[in-house]
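This report introduces a single protein chain to a reader who has not seen it before. Please look over the sequence and the structure first.

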Amino acid sequence: MKYFYLFSFDFTFFVHPIKCTIEEQLLLNQKINSLVVRLQEPLYLKTGVDNTVLQKRKVDYLILSTRYEGDNIFNMQEFPFFCNAYIAVDNLGTFSNINKYPDFTCEIYQTRNQPFYRGSTLFEKIIKRILSFLK
């Protein structure tokens, strides 16, 4: 898969799913499989106290890593694929200045419309995840 669609129902800067192109695979902190992706449309983040619009910050690149242990972002088999997103401090595709904690969480989808028809698939995946923890 060379591209996919990124979306989050929890993140206010996603108006619609955004197409992402995989730029490279890397290990974050020498142990976490991660993807560097270029966004087809930039995200505009609010900065300042309580995310007030003191200054907008354009984001063209993200690092994505798996949200759940045992998932592998290099070999995604189920969708939605849940991931953590990190923003480069300098936004130049160099990710040396990554926060310890993700900037936000999101989901990866195969198609642009898939997030809006995800109900039963998402429910099934959550039930599988809960049952795996109970074993």
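The text below goes through the overall layout, the nonpolar core, the strand pairing and the salt bridges.

**Layout.** The model is predicted. Its chain contains six strands and one helix, and along the sequence these follow the pattern β-β-β-β-β-β-α. The chain has 135 residues, of which 36% count as buried. Among contacts between residues at least 6 apart in sequence, 50% join residues at least 24 apart. The exposed area of the chain is about 8,500 Å², and carbon and sulfur atoms supply 51% of that area.

**Nonpolar core.** In soluble globular proteins, nonpolar side chains tend to be buried together. Here the largest nonpolar core has 25 residues, and those with the most contacts inside it are Phe-4, Leu-6, Leu-62, Leu-64 and Ile-108. Two or more residues each come from β1 (3-7), β2 (18-28), β3 (32-47), β4 (55-66), β5 (81-87) and β6 (104-109). The most is given by β3, with five residues. Leaving aside neighbours within four places in sequence, Leu-6 is in contact with residues including Phe-14, Ile-18, Leu-39, Leu-62, Leu-64, Cys-83 and Ile-108.

**Strand pairing around β6.** Strand β6 is mostly covered, as five of its six residues are buried. It runs antiparallel to β1, and three bridges join the two. Within this pairing, Leu-6 has Ile-108 in β6 as its bridge partner. Strand β6 also pairs with β5 in the antiparallel sense, over five bridges; Ala-85 stands opposite Phe-104 of β6.

**Salt bridges.** Side chains of opposite charge can pair when their charged atoms come close. The structure holds two salt bridges, listed here with the N to O distance.

| Pair | Distance |
|---|---|
| Arg-38 and Glu-23 | 3.0 Å |
| Arg-67 and Glu-107 | 3.7 Å |

The pair of Arg-38 and Glu-23 links strand β3 to strand β2, with the two residues 15 residues apart. Arg-38 is partly exposed, with a relative accessible area of 34%, and Glu-23 is partly exposed at 39%.

In the other pair, Arg-67 lies in the loop between β4 and β5 and Glu-107 in strand β6, so this salt bridge ties together parts that are 40 residues apart in sequence. Arg-67 is partly exposed, with a relative accessible area of 25%. Glu-107 has 5% relative accessibility and therefore counts as buried, the cut-off being under 20%.

Note on methods: Residues are numbered from 1 along each chain as its sequence is written. This is a predicted model: local features need pLDDT of at least 70, side-chain atom pairs count only at pLDDT 80 or more; totals for chains, interfaces and linings use all residues. Side-chain values use heavy atoms; hydrogens and water are left out. A nonpolar core is a set of buried Ala, Val, Leu, Ile, Met, Phe, Trp, Tyr and Cys residues joined through side-chain atoms within 4.5 Å. Buried means under 20% relative accessible area, exposed over 50%, partly exposed in between (1.4 Å probe, protein chains only). Helices (H or I, at least four residues) and strands (E, at least two) are DSSP runs, numbered from the N terminus. Contact means heavy atoms within 4.5 Å. Two strands pair if DSSP finds at least two bridges between them. Accessible areas come from the Shrake-Rupley method with a 1.4 Å probe; for residues, only the protein chains shown count as cover. A salt bridge is a side-chain nitrogen of Lys or Arg within 4 Å of a carboxyl oxygen of Asp or Glu.
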